[in-house]
Amino acid sequence: MLENNFTKQLVLIGGGHANVQVLKKLCMNRIKGLHTVLISESYEATYSGMTPGYIHKDFSKEEISIDLQRLCFNAGATFIKDKVVKIETNNQKLELQNFYSINYDLLSINTGSISNSKKISLENSSKCFFVKPISVLVKNLGKIDQIIKNKKNKIVIIGGGVASYELAFSLVKRYEEPLKITILGKKILGEKNLNQKTKNKLRAIAKNLGIKEYLGEVVSISETNLTLKNGEKIDCNFSLLSTGANIDMWLLESNLNKDESGFIAVDKYLLSTNYKNIFVTGDACSIENNIRAKSGVMAVRQGEILKENIFLKITGKKLIKFRPQKNWLYLIGTYKNYALLNYFFLSFHGRWCWKLKVWIDKNFINKFKFTENQNMTKKNFELENSKDNKMYCQGCGSKVSKSTLVNYIKKIDNNVDLRDSSIINNNSSKILQTIDHIKLFSSLNPFDFGKISYLHSQNDILAAGGVVKSLSVSLGIPFSRNFIEKFYLEYFMEGIKSEANKDECLISSGHSYQSRESGITLTLNGEIKSNSSKNSAREGDLIYLSKPLGTGYLLAAYFNNSEMLSSNDFEKIIKSLMKGNLFAVNSARSSGCHTMTDISGYGLSSHLIDICHSSDLSSRLIINKNILINSNLDLLKIFQSTGFENNYKSTSKYIEISEKHPLKNILYDPQTNGPMLMAIERKNKEKFENYFSDKFDNKPILIGRFVNKSKKIIYVDE
Ligand SMILES: Cc1cc2nc3c(=O)[nH]c(=O)nc-3n(C[C@H](O)[C@H](O)[C@H](O)COP(=O)(O)OP(=O)(O)OC[C@H]3O[C@@H](n4cnc5c(N)ncnc54)[C@H](O)[C@@H]3O)c2cc1C
């Protein structure tokens, strides 16, 4: 049996408190034949327990966030950053907002909830923020800061539950400005599990901080006030909706059974009551005959059972029951470094309660932080009926199944004639041709990878003065069955097409095969548009890069679980990887540039040396942090990508640079879809920079100039 013969697809929707635990379990255990995909709206998940602490600046954003891409990488799962908008339970299919539909064998929904605004009319001019989902509240914090800065400080927190109090305390602590906060609800502190002493204490703290309470039901919110059901108006220029939970429309409209409040009904195993291949946990679910208040604590508890049940279900064993507690521990942040503890009839307020809260919260969140060289030895599990798995003899050349191919081609073209070759019309007698192969980065969305692989290859045609006219593609798809095969084929191809269409490039032929090592090989043909040669740089020409460098060592650091890179940093790397060079090249061409090269696997030094050699010149560089995607110089010092060593060995003898130069290593860093290096005549400097900045959202990066040939080829000034 092959190692990665995927026969079942587990899809997790939402990086909520429960699904992240499933992924964590997959970091330590591997189910042979299982392909796992996480679809979530952002690269990070917010841990609710620490959010009030983040608001009052006790914790940083990184401390309260779970990096979902990295979690997927360690779990051997694929991460798709997107929103699910529809579920077709009968076809076991999910529609996504941006990407192509995805099928599942087993599904786990942990998408949280949204603040309940059903009975409130919100005017467009109102400054009203929803506190759920909590990740959105965190994202909106910058906007809230701005509102407070503009002296709009009459705040109403609509709700009246314990979350409203915790939020109010955090806001008081966050801002130095005097705030006028009112907590307004139909009921105040109605939670059943809070004892009277705790309620009294919360109200006393609120009073002490100048926070008012008001009973009422809000029916509309305008820019300057709230209107209550009894017609009363309350001054307010900024409100927060903390009114309990609702679920998203796509779930409401699904065939999944709901309870009377609209939440997805699940049984004691956390399975939907009418679809036994769908688990639902957290705020989105309601357990039959065991309804509990929605909370992060509950979602965490459910996650502990969910992760076991997913393994048990997939390996064909008996599931375990979730037994919800009737009462649970509340730890509510109050003053700085103080918390209020509530458990049954116990109520304490003190520093030790805060310490306990921090200890519990950090204990949870730290499970999702990875350290370099962490031992990830995995225990192996078998899928149920894995003995029936087909054996891949590879006698067919490991071809992807014909039905997968025909279905895909039909979808894009209506043309089911599987040709092996195409006629390409060509105006010129000369064509440019290039071939490139890159291996899929583990856990990366294959669509994004398709895009990156096209742009990576396109650079060769652009650097040679051409435009892409046609391509042939060969796709290496993991050994897999039916819709897993389809997923890779479709995502790879659509990613490639999303860029190829911009070039009006013909996809002339293709091949796909199943392989242990997924990846894309592209042969691109181009037409020559302008003269470009490596030997036409002149002394005095300025040397520009179209975008920053660093994909090699940064990916090495990220996938080595370096704590020095956050999910935000990863997003920046991906953004750079998905940025094409076409506009940059057009700017250079219209500024008279005839010499350019793309920085690829051999790094900046090798490509610049090529131009210098061909043009019989040397170069003098002045480089600083602005040539880096990530400005942390320690990362550049510590991490090296495969390929660095060879690049260093083959070029360092041509370079004069101080051993102490902090950017020394960037010269040898291999790039995927790296920047274009362009030689621009000094007289065209302004024209080029203006043209470039008009088309691109960054400026071209000036790194030096060509000089008369000397002993060394590259001189890097201090
Ligand atoms: C101010 C405040 C403070 C709170 N403090 C606490 C506390 O101290 N302790 C506590 O126990 N609870 C607390 N809560 C409650 C807690 O926030 C929620 O109950 C908890 O976050 C629910 O967890 P979940 O796992 O169901 O979903 P979430 O944590 O909300 O995660 C859902 C995930 O799914 C993603 N998602 C949503 N829809 C889609 C979609 N269609 N497609 C793909 N992805 C999707 C979201 O982006 C998100 O990453 C607090 C709430 C508030 C408002």
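In this predicted model, Ser606 sits in helix α16. Is Ser606 buried or exposed? Counting its surroundings gives 20 other C-beta atoms within 10 Å, and since a residue counts as buried at 20 or more, Ser606 is buried. Beyond the residues up to four places away in sequence, Ser606 touches Asn647, Ser650 and Thr651. With Thr651, the C-alpha to C-alpha distance is 6.2 Å, although 45 residues separate the pair in sequence.

Another serine, Ser605, belongs to helix α16 as well, which covers residues 603-615. Ser605 has 25 C-beta neighbours inside 10 Å and therefore counts as buried. Setting aside residues up to four places away in sequence, the contacts of Ser605 are Asn647, Thr651, Ile655, Leu667, Tyr668 and Ile714. Asn647 and Thr651 thus appear in the contact lists of both serines. Ser605 and Asp669 are 64 residues apart along the chain, and their C-alpha atoms are separated by 8.7 Å.

A third serine offers a contrast. Ser658 is placed in the loop between β36 (655-656) and β37 (676-680). Here the count is 10 other C-beta atoms within 10 Å, so Ser658 is exposed. Its C-alpha atom is 9.6 Å from that of Tyr715, a residue 57 positions away in sequence.

Stepping back to the whole chain, the secondary structure of the protein amounts to 19 helices and 39 strands. Does the overall size agree or disagree with that of a compact globule? For 718 residues, such a globule would have a radius of gyration near 27 Å; the protein has 29 Å, which agrees. The C-alpha trace spans about 85 × 65 × 50 Å along its principal axes. Of the 718 residues, 47% are buried. Among contacts with a separation of 6 or more, 78% are between residues 24 or more positions apart.

In soluble globular proteins, nonpolar side chains tend to be buried together. In this model, the largest nonpolar core has 184 residues, and those with the most contacts inside it are Val11, Leu23 and Ala168. Helix α12 (residues 482-500) gives the most to this core, contributing nine residues. For Ala168, the contacts outside its neighbours within four places in sequence are Ile157, Ile181, Ile183, Ala206 and Ile211.

The protein is divided into four parts: domain 1 (8-113 + 247-328), domain 2 (121-245), domain 3 (402-528) and domain 4 (542-716). How far apart do the C-alpha centres of domain 1 and domain 2 lie? The distance between these centres is 29 Å. Where the two meet, 17 residues of domain 1 are in contact with 15 residues of domain 2. On the side of domain 1 that touches domain 2, the elements giving two or more residues are β4 (44-46) and α2. Of these, α2 gives the most, with four residues. By class, the residues on this side of domain 1 are six nonpolar, eight polar and three charged.

The ligand is surrounded by 38 residues, of which Gly14, Gly16, Gly112, Gly282 and Gly296 are the closest. Elements that supply two or more residues to this shell are β3 (34-40), α2 (51-55), α4 (134-149), α5 (162-174) and α8 (296-314). The shell has 14 nonpolar, 17 polar and seven charged residues. Why can the ligand be placed between domain 1 and domain 2? Both domains give residues to the shell around the ligand, so the ligand lies between them.

Finally, a few features of the backbone deserve a look. Lys132 and Pro133 are joined by a cis peptide bond, with omega about -5°. Pro133 lies in the loop between β13 (128-130) and α4. Lys57, a residue other than glycine, has a positive phi, near 65°. Lys57 lies in the loop between α2 and β5 (65-67), and it is exposed, with 11 other C-beta atoms within 10 Å. Phe344 also has a positive phi, about 45°, although it is not a glycine. The loop that holds Phe344 runs between β26 (339-343) and β27 (346-350). Phe344 has 11 other C-beta atoms within 10 Å, so this residue is exposed.

Terms used: Residues numbered from 1 in each chain as written. Predicted model: local features only at pLDDT ≥ 70, side-chain atom pairs only at ≥ 80, totals over all residues. Near = placed C-beta within 6 Å. Nonpolar A, V, L, I, M, F, W, Y, C, P; charged D, E, K, R; others polar. Domains from an automatic or database assignment. Rg over C-alpha atoms; globule rule 2.2 N^0.38 Å. Buried ≥ 20, exposed ≤ 12 C-beta atoms within 10 Å, placed from the backbone. Contact = placed C-beta atoms within 7 Å. Core = buried A, V, L, I, M, F, W, Y, C linked by C-beta atoms within 7 Å.
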